[in-house]
Amino acid sequence: MTTAAAAPGTCLACDLTSGARHLPGGRVHQTARWVVEHCVGPLGLGTLVVKPLRHVLHVADLDEAESAELGPLLRLTSAAVTEVIQPEQVYVCLWSHAGGAPAHIHFVVQPVTAADHARFGARGPDLQAAMFRAGAPPGEDEIDRVCARLRGVLRPGAADVTVAPAMPGSAEGRAVLTAYFRDIVSRARGREATPGEVDAAMREEPSDDLRPPGGLLLVARQGHAVVGCVGLRLLPDGLGEVTRVFVQPVARGRGVGAQLMHAVEDAARDCAVARLRLDTSSDLTEARRLYARTGYREVAPFGEGRWSDIWLEKVIGS
Ligand SMILES: [Zn+2]
């Protein structure tokens, strides 16, 4: 059994969280059941520790709610460290022993740069061992500065993205669809698309039908900003076509795409859609990863999209 927190003075992790011990950089981020802090050891600047608020000694003892938060939080934390430190790789590891006994579990999220490799001449566990041998934790000023930046990236508002229907002809509908086409055309041309090229693409593939009763457009909002969109077309025989999947570059890497895909799937189910399909292009690598993660499988071509060379489908109902 694990208790809420260990007795003061018996667990470093609990003492840092409770404030019984000084925490350089202060708390970086928190969810309902987890906390993110800067590592107090010598594993380098920007290395974070992700640990449960409860005094848990074994991953197998995490409860359902703690487990559900863990994956998204590790990804979010790794993305934040990547944005701020720009490492070659981010190690995520867990070696929770203290004084020869199992200790409060804490996932170390460590950005590793080429400079680390040059300085310590090692990578992986050998790099960590070399860093512990050197035993030089970063200075508190540096930690404060990097934690302030990490807090900015991880600020609670960053996750507060809401998804709601919008009309394609509304101001925000037009704005996000224009951004979508600018992205698609620029990628296809390998350079920034001109306004004229974007207009032409939008005329060629109108979005006016992405509204009830034949379809819909969902937009993702963060505060007053529209950060993404997804469209749905209702086709005969319980079929739905997902289209206009887009996340603004500034909002990428935070799960907005997955949130949009889940929202459009829910909306499709409400319209008695049993199968969703979409087409995409082999050069849209982030989008393709998103579709694979959300359960889409490649199928034979079902149309001739101007910008597509991959066709995908997902069964969502019986
Ligand atoms: Zn503890």
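1. Contacts of Gln222. In this predicted model, Gln222 touches Asp160, Val161, Val227 and Ala251, with residues up to four places away in sequence left out of the count. Two of these partners, Asp160 and Val161, precede Gln222 in the numbering, while Val227 and Ala251 follow.

2. Setting of Gln222. The residue belongs to strand β9, which covers residues 215–222. Gln222 has 19 other C-beta atoms within 10 Å and is therefore partly exposed, since a buried residue would need 20 or more such atoms.

3. Gln222 and Leu57. These two residues are 165 positions apart along the chain, and a distance of 37 Å separates their C-alpha atoms.

4. Domains. The protein is divided into two parts: domain 1 spans residues 12–158 and domain 2 spans residues 160–315. Between the C-alpha centres of domain 1 and domain 2 the distance is 35 Å. By these bounds, Leu57 falls in domain 1 and Gln222 in domain 2.

5. Secondary structure and extent. The protein contains 14 strands and 10 helices. Its C-alpha trace extends over about 65 × 45 × 35 Å when taken along the principal axes.

6. Burial and contacts overall. Of the 318 residues in the protein, 30% are buried; Gln222, as a partly exposed residue, is not among them. Among contacts in the protein with a separation of 6 or more, 63% join residues 24 or more positions apart.

Note on methods:
Residues are numbered from 1 along each chain as its sequence is written. This is a predicted model: local features need pLDDT of at least 70, side-chain atom pairs count only at pLDDT 80 or more; totals for chains, interfaces and linings use all residues. Helices (H or I, at least four residues) and strands (E, at least two) are DSSP runs, numbered from the N terminus. A residue is buried if 20 or more other C-beta atoms lie within 10 Å of its own, exposed if 12 or fewer, and partly exposed in between; C-beta atoms are placed from the backbone. Two residues are in contact if their C-beta atoms, placed from the backbone, lie within 7 Å. Domain bounds come from an automatic or database domain assignment.
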